[in-house]
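Please open the model in your viewer with the cartoon and the side chains available, and follow the selections below in order.

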Amino acid sequence: MDILFYRLDGSTLEATVTTFAERTLARGGRVVVRGTGAARLDMLDAHLWTYRDDAFLPHAQAGGDHDADQPVLLTTSTETPNAAKTLLLVDGARFDPSEMPRFERVALIFDGSDEEATALARDDWRQVMQTDHTAVFWAEEGGRWVEKARSS
């Protein structure tokens with residue numbers, strides 16, 4: 001499996017998460033978005049309710065009675081009660097290689113202008129390289145995502 005690293009240089013985290021979620025749901029999948037703090041997840045939650053007047057992206061923050069039913073679940077936990085096969089890691093959320101078999105797609109999204117976030121992403125890249133997974137680095141160029149590097 002590929003572990004995808006997306007460095008934000010122009011797009012916002014909110015827009016990138018929305019795009020991932022829309023595309024995953026269009027393929028019939030589910031998403032868990034793992035963050036590190038409630039405040040940022042509150043912002044993502046608000047964004048997903050209001051990002052477009054002509055769209056609806058069903059989602060919730062973890063901790064409710066219907067977590068298992070949510071196509072998109074926002075959480076700080078390593079649990080995936082919605083049985084998502086796509087994991088989005090945001091705001092420095094980390095992963096453990098032992099949890100990767102639960103997922104079909106993993107993307108780590110980080111702010112390219114944040115030195116600490118970039119350093120954490122580099123640590124995660126090195127961690128992926130010590131597994132049988134492939135790390136794939138994507139960066140924005142001219143408003144498009146371009147693959148820049150792939151571990152061997």
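## Starting at the first helix

Select H1 in this predicted model and colour its residues by accessibility: Leu13, Glu14, Thr16, Val17, Thr18, Phe20, Ala21 and Thr24 are buried. The helix covers residues 13–26, 14 residues in total, and the distance from its first C-alpha to its last is 20 Å, close to the 20 Å expected at 1.5 Å a residue. Move on to Gly28, just after H1, where phi is positive at about 85 degrees.

Next, add H2, residues 38–50, to the selection, and view the two helices together: they pack at an angle of about 60 degrees, and their axes are 10 Å apart. H1 and H2 are therefore oblique to each other, and H1 passes H2 in a right-handed crossing. Show the side chains at this contact, where Leu13, Glu14, Ala15, Val17 and Thr18 of H1 meet Arg40, Met43, Leu44, His47 and Leu48 of H2. Sorted by class, the contact of H1 with H2 comprises six nonpolar, two polar and two charged residues.

Now turn to the backbone of two loops. Most residues other than glycine have a negative phi. Select Ala83, in the loop between strand S4 (72–75) and strand S5 (86–89), where phi is near 55 degrees, a positive value in a residue other than glycine; Ala83 is exposed, with a relative accessible area of 52%. Finish at Asp91, in the loop between S5 and strand S6 (105–111), which has a positive phi of about 55 degrees although it is not a glycine, and which is partly exposed, with a relative accessible area of 32%.

Terms used:
Residues numbered from 1 in each chain as written. Predicted model: local features only at pLDDT ≥ 70, side-chain atom pairs only at ≥ 80, totals over all residues. Heavy atoms only, no water. Helix = DSSP H or I, 4+ residues; strand = E, 2+ residues; numbered from the N terminus. Expected span 1.5 Å × (residues − 1). Buried < 20%, exposed > 50% of the residue type's maximum accessible area, 1.4 Å probe, protein only. Axes fitted to C-alpha atoms, helices over the stretch in contact; angles between N-to-C directions. Parallel < 35°, antiparallel > 145°, perpendicular 65-115°, else oblique. Left-handed = near helix turned anticlockwise from the far one by under 90°. Contact = heavy atoms within 4.5 Å. Nonpolar A, V, L, I, M, F, W, Y, C, P; charged D, E, K, R; others polar.
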